[in-house]
Amino acid sequence: MIVGLTGGIGSGKTTVANFFSALGIPVYISDDEAKKLMMYDTEIRYEVQELLGKEAYANGNLNKAYIAGKVFKDTQMLQKLNEIVHPRVATHFKKWYHRQSSPYVIKEAAILFENGGYKECDFMILVTAPIHTRIARVQKRDNSTEIAIRDRMNNQWDDYKKAALADITIENSILERTKKNVERIHTHILHRIQRAY
């Protein structure tokens, strides 16, 4: 079973993913895997440089600040970058998924609804948090400006639109409550799998 885990920037998807991981569930962090592919897949690297210029890589590393500055202000550019990276990430996920032996896996991605990836998931979890909390978290994590964070938020759907498609929503403000919610959802998913067989 594939369980999709999504939420806007700063909602705390990684925190929730780590709680599932602590329960022994394999977690695929799409953004991390995308960055690895952009770094080490020579074909992707070439295509990214063709699209964004040689500055997309600095000292052999992914120049994340430069890339974010280019794509989050230009929806067409973002779409073109996604067209390069997302199909490769999808293929990579399938290979990873077939190597797992647990009852279910978590596929974590920021734009599972926006890019239609949720259709390949059997169950969808949405992580939410108040906007001001999300901005504060990202500022602390990335030293980003509020304007840069809002640029990225503007490329993601609002929570109410995602909630309509999610099977369950975790409001991630109080850590202990979030952890308990993850444990409850884990039990619920295992029961669903048992009933299915």
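1. Contacts of K107. In this predicted model, K107 touches I2, V3, G4, L5, Y28, S30, F93 and L112, leaving aside residues up to four places away in sequence. K107 itself lies in strand β5, which covers residues 105-108.

2. Charge at K107. Does K107 have a salt bridge or none? K107 has none, although the residue is buried. The nearest side chain of opposite charge is that of E120, 4.7 Å away. A salt bridge is counted within 4 Å, so the pair of K107 and E120 does not qualify.

3. The sheet around β5. Which strands form the sheet, and in what order? The order is β2-β5-β1-β6-β7, five strands in an open sheet with parallel pairing. At the edges stand β2 (27-29) and β7, each of which pairs on one side only. From one strand to the next, the twist averages 20 degrees. As a general point, strands of a sheet pair through backbone hydrogen bonds, in either a parallel or an antiparallel sense.

4. The β2 edge. Three bridges link β2 and β5, and the two strands pair in the parallel sense. At the level of single residues, V27 has I106 of β5 as its bridge partner. Helix α2, residues 30-40, lies across β2 and β5 and runs at about 55 degrees to β2.

5. Strand β6 and its two neighbours. Strand β1 (residues 2-7) runs parallel to β6 and is joined to it by five bridges. On the other pairing, four bridges join β6 to β7 (residues 168-171), and these strands also run parallel. V127 can be followed through both pairings: V127 is the bridge partner of G7 in β6, and the bridge partner of V127 in β7 is I170.

6. Burial of β6. How many of the six residues of β6 are buried? Six of six are, and the strand, residues 123-128, is mostly covered. In a regular strand, side chains alternate between the two faces of the sheet. In β6, F123, I125 and V127 point one way, while M124, L126 and T128 point the other way. Residues of both sets are buried.

7. The helix over the β7 side. Helix α9 (residues 175-196) lies across β1, β6 and β7. Relative to β7, helix α9 runs at about 165 degrees. Strand β6 thus has β1 and β7 as pairing partners, and α9 lies across these three strands.

Technical notes
Residues are numbered from 1 along each chain as its sequence is written. This is a predicted model: local features need pLDDT of at least 70, side-chain atom pairs count only at pLDDT 80 or more; totals for chains, interfaces and linings use all residues. Side-chain values use heavy atoms; hydrogens and water are left out. Buried means under 20% relative accessible area, exposed over 50%, partly exposed in between (1.4 Å probe, protein chains only). Two strands pair if DSSP finds at least two bridges between them. Lys and Arg count as positive and Asp and Glu as negative; His and the chain ends are not counted. Contact means heavy atoms within 4.5 Å. Axes are lines fitted to C-alpha atoms, for helices over the stretch in contact, and angles run from 0 to 180 degrees between N-to-C directions.
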